[in-house]
Amino acid sequence: MRDAAPQTIYLKDYTPFGYVIDSVQLTFKLHPTETRVLSKIAFRPNPEATDRTFFLHGEELKLISATIDGKEVSPSVTDEGLTVDAPDAPFTWEAEVEISPSTNTALEGLYMSNGMYCTQCEAEGFRKITYYPDRPDVMATFDVRIEGSEKVLLSNGNPGASGEGFAEWSDPWKKPAYLFALVAGDLINHPDSFTTRTGTDVELNIWVRPGDEDKCAFGMQALKDSMKWDEDVYGREYDLDIFNIVAVDDFNMGAMENKGLNIFNSSCVLASQATSTDADFERIEAIIAHEYFHNWTGNRITCRDWFQLCLKEGLTVFRDAQFTSDMRSEPVKRIDDVIALRARQFPEDQGPLSHPVRPEEFQEINNFYTATVYEKGAEVIGMLKTLVGHDAYYKALDLYFERHDGDAATIEDWIQVFEDSTGRDLQQFKRWYSQSGTPKVSVKEEWDAENGIFTLHFSQSTAPTPGQDIKDPRVIPIALGLLAPGGKETHPTHVIELTHAEQSLTFDGLDARPVPSLLRGFSAPVILEQEIDNDRRAFLLANDTDPFNRWEAGGDLARDTLINMILKDAAPSPAYLHGLRRVVTDESLDPAYRGLMIQHPSETELAGTLSDMGEIPDPTKIHIASRALLAAKAETLSDILPALYADNQPTGAYKPDAEGSGKRDLANAAMSLMAKLGDLSHAKAQFASADNMTQQFEALAVLVREGQGAEAVKAFYDQWKEDRLVINKWFGLQISLAEPEDAAKVTEALTQHPDFDMKNPNRFRATLGALAGNHAGFHHESGAGYALLADWLIKLDPLNPQTTARMCTAFQTWKRYDAGRQALIKAQLERILATPNLSRDTNEMISRILG
Ligand code: 0A1
Ligand code: ZN
């Protein structure tokens with residue numbers, strides 16, 4: 001059990017480790033409860049360090065023996081590691097420890113999942129495997145010998161000798177311990193190969209449990225596409241003889257980029273037409289790309305310390321988004337990413353958990369794998385690319401790889417590369433890394449009709465966030481264009497840079513007052529406040545040349561309508577409904593884009609919008625309005641829905657590509673609206689006959705949403721009860737779509753289902769996470785949702801602190817709500833915090849949320 005006494009670690013306190021490691025040799029003698037790990041490590045004094053304290057991290061290890069240069073030593077051991085007197089000269093450390101993988105429910109270090117051994121070492125899990133300086137700036141080559149009776153024994157790097165009961169691996173690239181991995185199990189591989197641009201053949205494998213072999217082909221293609229893309233776009237080639245991916249059922253996160261041996265949550269790699277939705281396919285492709293891209297941005301160049309996490313994560317998310325744009329549709333990817341940013345990052349940045357993209361302090365680093373570090377981190381890189389331009393960006397990246405290959409680098413190094421290669425001063429831009437909070441950019445317009453002069457007055461400000469009262473102006477790239485009143489674009493997109501709290505921009509020589517299209521492509525992660533009415537929004541929806549802003553105008557119309565329905569009991573706005581009809585029937589737009597336009601903002605997002613406006617969101621009213629708008633859309637489009645449904649049935653074999661999934665999206669939206677009008681025939685027929693999960697699952701969702709799903713829910717379970725990933729969907733759907741007053745009861749009943757397993761993070765998230773995602777259900781005034789989630793977080797914490805702590809974020813927006821709900825949530829937060837032996841992870845999260 002971890003010590004819950006909070007200890008804060010600061011960026012400013014960084015000092016290098018006193019020793020450098022030249023090589024690491026590890027031997028694993030696998031056993032479920034008594035695995036022995038032998039380590040032999042060559043240390044020498046670090047010329048760049050002054051402090052020679054020889055402290056090795058180690059947690060939950062049984063020390064069997066320790067020697068320095070062959071002589072037994074007696075280290076002083078605590079819960080966190082050991083200290084021993086070490087020479088001020090090169091020496092060899094050898095130790096033997098014992099660990100128990102089968103009782104490791106935290107899924108950190110070496111653990112077991114379905115009888116297979118696997119590891120998760122990022123961020124600080126290696127210290128649960130052996131004593132080691134477990135920090136990313138200590139890099140070394142690893143030679144590993146695994147002894148075990150499993151058929152497949154894998155580690156990082158290239159394979160060496162192997163035989164009955166053993167295998168050796170050797171990784172020629174220096175790496176920090178967090179990239180170490182080991183897998184042992186009776187696995188089956190899906191093999192393939194890739195020839196790099198310089199002609200090296202790389203063996204590729206996806207390793208899965210028997211029975212999952214037929215779900216590897218898509219992931220393999222995504223891997224090969226990623227390898228090719230990174231060569232073509234960034235000039236980055238793979239650097240080992242082999243690349244292995246392993247699918248694991250019990251995993252806290254999505255996947256992990258261990259050198260040459262990526263380990264994936266099985267939900268993020270296994271894919272088949274029958275069991276995966278289009279959204280699953282797209283996600284899997286993106287995650288495979290993300291982990292692969294880490295080989296250069298993360299592994300070859302790693303982070304000096306965990307405060308620099310965004311150095312690898314922001315850049316790698318940015319790269320995987322570029323990849324998805326290239327593989328699929330650029331505007332659709334951008335819109336999807338902004339929806340996700342607003343849903344996950346904005347609430348974080350505007351609430352008690354707000355932190356800079358590069359945090360300056362933490363108690364538990366696992367709590368900082370956040371939307372801010374990842375997604376806002378990627379937005380910051382996107383802005384940098386916009387500011388310096390396409391060619392200068394790639395030139396800077398070339399310099400980054402050249403200068404820092406093999407390094408554990410910092411954000412300062414990253415910025416320096418851009419300054420050196422472009423000659424720009426980026427010190428003000430760097431505030432994006434140090435200042436938390438979402439900036440607001442307000443725009444006022446001035447039209448001088450007599451002289452044809454149009455002026456935009458910009459101002460920027462950021463509200464105080466925890467620990468940061470004062471905010472300085474940032475560099476904000478605003479991409480904008482102008483349209484003439486007739487709809488024609490007179491000024492195509494160009495980028496202006498806001499650098500002051502207030503700034504103006506003038507256009508002259510105009511014949512008529514133009515309509516500005518601002519923040520095109522969402523050129524900066526800010527909240528834009530502009531003088532705009534529904535006529536102007538409808539105009540932009542019809543005429544904007546920027547696909548992002550066209551979508552944004554439609555979304556703003558929907559948002560405005562919903563807000564009026566919620567606050568003023570208004571009827572749905574005809575301007576919105578007509579605009580929607582125009583877009584949905586516009587055959588020149590691609591189906592995926594039309595599918596996106598047909599959706600309106602989620603209930604959670606509306607709660608955020610209301611709260612931004614200074615209103616207290618009422619979850620029940622929001623839910624009712626959202627339902628009513630759906631019905632109004634169905635009425636407005638009623639005459640075209642059957643054709644929309646029929647015309648968008650993809651023809652030919654199922655393909656999870658942009659075109660096929662776009663059509664299915666649109667057809668499913670039509671099916672769902674027809675159901676709103678009482679016609680369930682399409683949903684019933686589609687549920688019964690679908691040959692793919694996208695169509696089967698959407699049909700099921702429609703039936704459940706309309707209160708007609710009982711039979712289908714049962715049939716779906718009977719059909720899929722052996723497939724754990726599909727059954728996760730089955731758990732999630734029933735809870736996500738439960739009526740507000742039933743959500744907690746439905747969730748509670750499902751936690752009693754024989755297939756519920758709290759130790760499996762995917763199943764736990766599918767159940768309790770779905771409750772937190774059912775906005776009106778979770779926030780039902782009874783408080784039953786809050787209490788149930790708190791009960792389960794308290795139960796999970798001793799088993800799996802990481803997943804528990806992440807799920808505490810469900811409460812982060814608690815101050816948005818009315819006094820009654822706030823009191824109910826606060827009581828639950830305090831109850832969790834008062835739990836004896838609460839983990840450091842959960843303790844930090846709840847304390848920060850309480851503020
Ligand atoms: N680096 C991985 C994410 C990851 C982080 C932590 C983990 O365990 C605590 C696992 C995975 C990525 O960005 O994909
Ligand atoms: Zn990553």
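This section describes the overall fold of the chain and the surroundings of ligand 1.

The model is predicted. The chain contains 27 helices and 31 strands. Its 851 residues have a radius of gyration of 28 Å. A compact globule of this length would have a value near 29 Å, so the chain agrees with that expectation. Along the principal axes, the C-alpha atoms fill a box of roughly 90 × 65 × 60 Å. Half of the chain is in the interior by the burial count: 50% of the 851 residues are buried. Contacts often bridge long stretches of sequence. Of those between residues at least 6 apart, 70% join residues at least 24 apart.

An unreviewed UniProt entry annotates residues 25-179 as "domain: Aminopeptidase N-like N-terminal". Over residues 25-179, strand accounts for 52% and helix for 0%. The C-alpha atoms at the two ends of this segment are 15 Å apart.

Ligand 1 has 15 residues around it. Those that come nearest are Q120, E122, M253, M256 and Y369. Two elements, β20 (255-256) and α2 (278-293), each give two or more residues to the shell. The shell is mixed in character, with five nonpolar, six polar and four charged residues. Ligand 1 also draws its shell from two domains. Domain 1 (9-272) supplies at least three residues, and domain 2 (302-434) likewise supplies at least three.

Technical notes: Residues numbered from 1 in each chain as written. Chains lettered and ligands numbered in written order. Predicted model: local features only at pLDDT ≥ 70, side-chain atom pairs only at ≥ 80, totals over all residues. Helix = DSSP H or I, 4+ residues; strand = E, 2+ residues; numbered from the N terminus. Rg over C-alpha atoms; globule rule 2.2 N^0.38 Å. Buried ≥ 20, exposed ≤ 12 C-beta atoms within 10 Å, placed from the backbone. Contact = placed C-beta atoms within 7 Å. UniProt positions renumbered as here; feature names shortened; annotations may be inferred. Near = placed C-beta within 6 Å. Nonpolar A, V, L, I, M, F, W, Y, C, P; charged D, E, K, R; others polar. Domains from an automatic or database assignment.
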